[in-house]
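Trainee: Got a minute to go through a model with me? I would like to start with the metal site.

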Amino acid sequence: MNAEIRPVKTAAEIGFADLFAAVRQSLPGGRDIEAVRRDAFDRFVAQGLPNSRVEAWKYTDLRRLVRDAKALAPRPDADAWTAARNAGAVFAGLDLRRLLIVDGAFVPELSDLAGLESGVRIRATAEALSADEMVLPLEMAGTDPAAALNTALAADGVVITVAADVAVERAIHLVFVTTGTVPAAMFTRSRLELGSAAALTLVETHEGPDQSDYQVNAALQINIADKARLDHIKITGEGTAALHIATLEASIGAGADYREFGFAAGGAVVRNQIFLKVAGEGTTASVHQASLLSGRQHADTTLVLDHVAAGSQSREVFKAVVDDEARAVFQGRITVRPGAQQTDARMMARALLLSDEAVANCKPELEIFADDVQCGHGTTTGALDDQLKFYLMARGIPEREAEALLIQAFIGEVIDAVVREDLREALSRAMFAWLKGRE
Amino acid sequence: MTALLEIRGLKAEIDGRQILNGLDLTVNKGEIHAIMGPNGAGKSTLSYVLSGKPGYEITGGEVLFNGEDLLAMDPDERAAKGLFLAFQYPLEIPGVATLTFLRTALNAQRRKRGEEELSSPDVLKRVRELAKQLNIDPEMLKRPLNVGFSGGEKKRNETLQMALLEPKLCVLDETDSGLDIDALRIVADGVNRLRASDRGMIVITHYQRLLDYIVPDVVHVLSAGRIVKTGGKELALELEATGYAQYQNEAA
Ligand SMILES: Nc1ncnc2c1ncn2[C@@H]1O[C@H](COP(=O)(O)OP(=O)(O)OP(=O)(O)O)[C@@H](O)[C@H]1O
Ligand SMILES: [Mg+2]
C-alpha cells in the first residue's frame with residue numbers, strides 16, 4: 001500500500017485494512033479491476049472513517065458509530081437459502097420479478113429469471129467483474145469514504161440492462177437479505193443501465209436478523225438515458241442492530257423522468273446517501289423519503305443533487321417520524337450549474353418528534369450559479385399538534401390511535417408520491433406495521 | 001332519577017386566568033337547554049372543559065355525567081360515554097379522509113362500550129344516509145377532514161358526526177354561526193331528529209333565530225363565567241330586545 005497515507009487509527013479502520021489485505025486477491029476481477037479497488041481503498045485510508053468534522057457526515061460520525069470491521073459473509077449455504085426464501089415479504093402477493101441477494105451474493109437459483117422480457121438482461125455483478133467489465137468506478141460518489149470502501153470490497157450484486165424503447169411491465173424487486181447468527185459484512189454493488197425511452201420500476205428491500213450487528217454497505221449505480229422513465233423504491237428494513245450504508249448514484253438524461261422513493265424503518269445506524277446528476281435538459285426528478293424511527297435508531301438521508309443541464313425540475317420531500325431517543329438526519333444540497341438555466345428545484349424536510357428525547361437534524365443547502373432559476377427549500381420540526389389530537393379524542397378516538405392517524409396523515413403525503421397503487425398500498429401496510437409497534 | 005349532567009360550582013382557569021366562576025347547571029334527559037351570553041363570557045370554555053380539552057385547570061366544583069365524575073375521564077372516554085361537542089371552530093386535519101375519521105371514531109367508541117365494530121360498507125351506508133339528510137355532497141367524505149370546507153360545510157360536518165355517533169349529551173357551540181338560511185333549517189332539522197327522551201342537549205347560540213327551529217325547554221344567560229339568569233324560551237326573545245348589559249353589571 002501507499003507509503004504516504006496517514007496511519008489508520010480506530011479499531012474499525014485497522015479491521016478494514018486487515019480485511020482488505022486478506023480478501024483482495026480473492027475478490028472477483030482481473031488486474032485492472034484490482035487496481036481500481038486498490039485505488040479506492042487508498043482513498044478510504046487517506047480519509048479514514050468519516051467523523052463529525054467531515055461536512056458530508058456532520059451528524060453521522062462513523063468513527064464513533066462503527067466499532068469494528070466484520071469478516072465478509074460466507075457464501076450462502078442451504079440454511080441461508082431457506083432463511084432467505086420468504087424475504088421481501090413487504091411486497092408479498094405482488095407480481096414482481098424477485099432477484100435475491102443473500103448475504104451479499106446474488107443467488108440465481110432463488111431468483112425469478114424465467115421469461116425475461118426481450119431487451120432485459122440480468123447478471124450477477126461477480127460475473128461482470130470476472131469478465132473484467134469496469135462496473136466499479138463511481139462517478140459522483142467516488143471520493144466519499146464509505147463509497148470508496150464499497151468499490152474496494154464489493155464482490156457481488158446485480159447488473160441489469162434494459163435496452164432502448166423497452167417498457168418493462170413487470171417490476172423488478174431486488175431482495176437483499178442477511179441471514180445467519182454470526183454478524184458479518186456485506187459489500188454489494190449493483191448497476192442499472194436504462195436505455196433511451198425505456199421504462200422500469202425497480203424495488204429494493206433490505207432486511208436481516210434482529211439483534212445481530214451485521215454491516216451492509218450497498219451501492220447502486222444507475223444510468224438513465226434520454227427520455228427513459230424510472231421509479232425506484234427502496235425499503236431499508238434491516239434488523240435492529242444492523243449498520244446499513246447505502247450509496248445511490250444516478251445520472252439522468254434529457255427528458256427523462258426519475259422518481260426516487262425511500263422508506264426507512266429498520267437498522268440501528270442507517271445512512272442513505274444519494275448522488276443525482278440532472279445531466280440532460282427537460283428532465284423531471286423527484287426524491288421522497290419517509291423515515292420512521294424509534295428506540296435509539298439513527299437514520300441519515302443525504303442528498304447531493306447536481307443540476308447541470310437547463311430546464312429541469314426537481315422535487316424533494318423528506319419526512320421523518322422520530323420517537324424515543326432516535327435521531328433523523330437530513331442533509332440536502334442542490335447545486336445549479338451556470339448552464340442550468342430555468343431550473344425549478346424545491347426541497348422540503350419535515351420532522352415530527354414524538355418524544356422529548358427525539359432529535360432531527362436538517363441541513364438543506366442551495367448553491368446557485370445560474371440567474372434564471374426557481375429554487376426553494378424549507379424545513380419544519382415539531383411535535384404532534386395537540387389541538388388536532390384533542391379534536392380526534394373528543395370523537396372517542398383513544399390517544400395512541402389519534403396519534404397514529406396524525407402520523408399516517410403526515411407520512412401518507414410522501415407515500416402518495418409512489419405512482420403504482422399496489423406498491424403504495426404495500427408501503428402503507430409497512431407504515432401501519434410500524435404504528436402497530438408503538439401501541 | 002340522576003340528572004344527565006350536573007355541574008356544581010365549577011371553576012376553571014386557563015393560563016392563570018379564571019374564566020369559569022362557580023357555574024351551576026343541571027340538564028335532565030330529554031331536555032334542551034339554550035345558553036346565551038356576551039362574547040368572552042366563557043361559553044366555549046364551558047364546552048371545552050366538559051369535553052376535556054387540555055390546558056384548563058379546574059380550580060373548584062364538580063361535574064357528574066350520569067352520576068359519574070366526568071372530569072376524571074380522558075376526552076375519548078367522555079365521548080364513548082356519550083358526550084359530544086360540536087365545535088364552534090371545527091379543526092382541519094390534512095391527510096385524514098373524512099370517512100376514515102368517521103369510521104375510526106365510531107368504531108373506537110363502539111369498542112370502548114363493548115359493542116361490535118361496524119364494517120366499512122356498513123359505516124359508509126349510514127354515513128351516506130345522514131349526509132343526504134344534511135345535504136352534504138358525498139364527494140366531500142373523501143376529502144381530508146374539514147380541509148378547505150366552507151364555514152357552513154364544517155358546521156354541517158359537525159352535525160353529521162353527531163348524528164352518526166348518537167351521543168347522550170350534545171353540546172352545540174354556535175353551530176348556527178356561518179350557516180345560510182337554508183343550511184340553518186337543514187342543520188336544525190338534523191338536530192331535532194336527535195331529540196329523544198334519553199338524550200339531552202346544550203345549545204350555545206347568540207341568535208334567537210336558531211331557537212325558533214330548535215325550541216329549548218330552558219334558556220340560561222351565562223355571563224362572566226356563571227349562569228346569571230335562567231328562564232323559559234321567552235327569555236331568549238327578551239334578550240334579543242334588551243341585550244346583556246344588565247347581566248354584565250350583575251356579574252361584575
Ligand atoms: N389561553 C387563554 N389565556 C387567557 N385567556 C383566554 C385563553 N383562552 C381563552 N381566554 C379567554 O377566556 C374568555 C372566555 O372565552 P370563551 O371562548 O369561552 O368565550 P365565549 O363565551 O365562547 O365567547 P364567544 O361568544 O365570543 O364565542 C375570553 O375572554 C377569552 O379571551
Ligand atoms: Mg364561544
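Trainee: Is B:Ser44 buried or exposed?

Mentor: B:Ser44 is buried, at 18% relative accessibility; buried means under 20% relative accessible area, exposed over 50%, partly exposed in between, with a 1.4 Å probe and protein chains only. B:Gln88 counts as buried too, at 12%. This is a predicted model, where local features need pLDDT of at least 70, side-chain atom pairs count only at pLDDT 80 or more, and totals for chains, interfaces and linings use all residues. Residues are numbered from 1 along each chain as written, chains are lettered from A and ligands numbered from 1 in written order, and side-chain values use heavy atoms, leaving out hydrogens and water.

Trainee: Which protein atoms are donors of the magnesium ion?

Mentor: B:Ser44 (OG) and B:Gln88 (OE1), lying 2.0 to 2.2 Å from the ion, ligand 2. Donors are N, O and S atoms within 2.8 Å of the metal (3.2 Å for Na, K and Ca); water is not among the atoms, so sites may look incomplete.

Trainee: Where do the two sit in the chain?

Mentor: B:Ser44 is in helix H1 (residues 43–51) of chain B, and B:Gln88 is in the loop between strands E6 (83–86) and E7 (93–97), 44 residues apart. Helices (H or I, at least four residues) and strands (E, at least two) are DSSP runs, numbered from the N terminus.

Trainee: Switching to ligand 1: how many residues surround it?

Mentor: 15, with B:Ser44 and B:His206 among the closest; a residue counts if one of its heavy atoms lies within 4 Å. H1(B) gives the largest share, three residues.
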